[in-house]
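Me: I'm new to looking at protein models, and I'd like a close look at just one part. Could you take me through the aromatic rings that pair up, and then show me what else is around in the structure?

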Amino acid sequence: FIGRREKHKGLPLLLSAYQGLESLGKLLIVGPDEKIDSVSPDIADLGEVDEDTKQHLLSCCSLLCVPSNNESFGIVYVEAMSHGKPVVALDISPVNEIIENGRTGILVPPKDTESLHQAIQELLTNEILRKEMGKAARHSFENRYSIEKIIGRYKQLYSTEAFAASQP
């Protein structure tokens, strides 16, 4: 989990869904605001970290799960994809425009703790699926969000007649 501790980011939902998964992996929580007190040795709250540490953690993790129920874009999902990591998230807009359900990650219904639990468990226990989704996530990142693609889109936008006509 990477994000602020605001309720809509879904950390409480993730903590509930994580119950019973402890033997499958360690849950790392990263982000600003008050750290949680965990009774489980399989949950580590690192608090706020610098950008290099965040990128290192994304490169080493098995998956990213941020079950936010309200996003304006969701850059953290794209960051995980840039590292070839599958994402587990809620099926809300615009997240479902970034994550392709069943291809680059798994999207679950909002407020559905059991579906979130099952999605995380499926990716943690199925290495082949996790790696396939990770490859697809990286490919999607390269084709949609890489610097080259974004610059190309801006160049295309600025060269359109509609844009030129709107300028004084």
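Reply: Here is a walk through the aromatic pair, followed by the sheet, a surface patch and some salt bridges.

Keep in mind that this is a predicted model. Searching the whole structure turns up one aromatic pair. In general, you describe a pair of aromatic rings by how far apart the centres are and by the angle of the planes. For Phe73 and Tyr145, the ring centres are 6.1 Å apart and the planes sit at 70 degrees. Planes over 60 degrees apart count as edge-to-face, so that is the label this pair gets.

Now, where do the two partners sit? Phe73 is in the loop between strand E3 (64–65) and helix H3 (75–82), while Tyr145 is in the loop between helix H6 (127–144) and helix H7 (147–158). They are 72 residues apart, so the pair links distant parts of the chain. And are they buried or exposed? Phe73 has 34% relative accessibility, so it counts as partly exposed. Tyr145, at 17%, counts as buried, because the cut-off for buried is under 20%.

Strand E3, which came up beside the Phe73 loop, also belongs to an open sheet of three strands, ordered E3-E4-E5 with parallel pairing. E3 and strand E5 (105–108) are at the edges with a single partner strand each, so each has one side without a neighbour in the sheet. Strand E4 (residues 87–90) is joined to E5 by four bridges, and Val87 stands opposite Gly105 in E5.

Helix H7, on the other side of the Tyr145 loop, holds Tyr154. Together with Leu157 and Tyr158, Tyr154 makes a nonpolar surface patch of about 340 Å². Tyr154 has a relative accessible area of 47%, so it is partly exposed.

Helix H6 brings us to charged side chains. Glu127 and Lys131 both lie in H6, four residues apart, which is about one turn of the helix. They form a salt bridge whose closest N and O atoms are 2.9 Å apart. Glu127 is partly exposed, with a relative accessible area of 43%.

The whole structure has nine salt bridges. Among the others, Arg4 pairs with Glu6, with the closest N and O atoms 3.0 Å apart. There is also a network of salt bridges linking Glu51, Lys54 and Glu79.

Notes. Residues numbered from 1 in each chain as written. Predicted model: local features only at pLDDT ≥ 70, side-chain atom pairs only at ≥ 80, totals over all residues. Heavy atoms only, no water. Phe/Tyr/Trp six-rings, centres within 6.5 Å; stacked < 30°, edge-to-face > 60°. Helix = DSSP H or I, 4+ residues; strand = E, 2+ residues; numbered from the N terminus. Buried < 20%, exposed > 50% of the residue type's maximum accessible area, 1.4 Å probe, protein only. Pairing = 2+ DSSP bridges. Patch = residues over 30% accessible without salt bridge, like charges linked within 9 Å, V, L, I, M, F, W, Y side chains within 5 Å. Areas by Shrake-Rupley, 256 points an atom, 1.4 Å probe, with all protein chains shown as cover. Salt bridge = Lys/Arg side-chain N within 4 Å of Asp/Glu carboxyl O.
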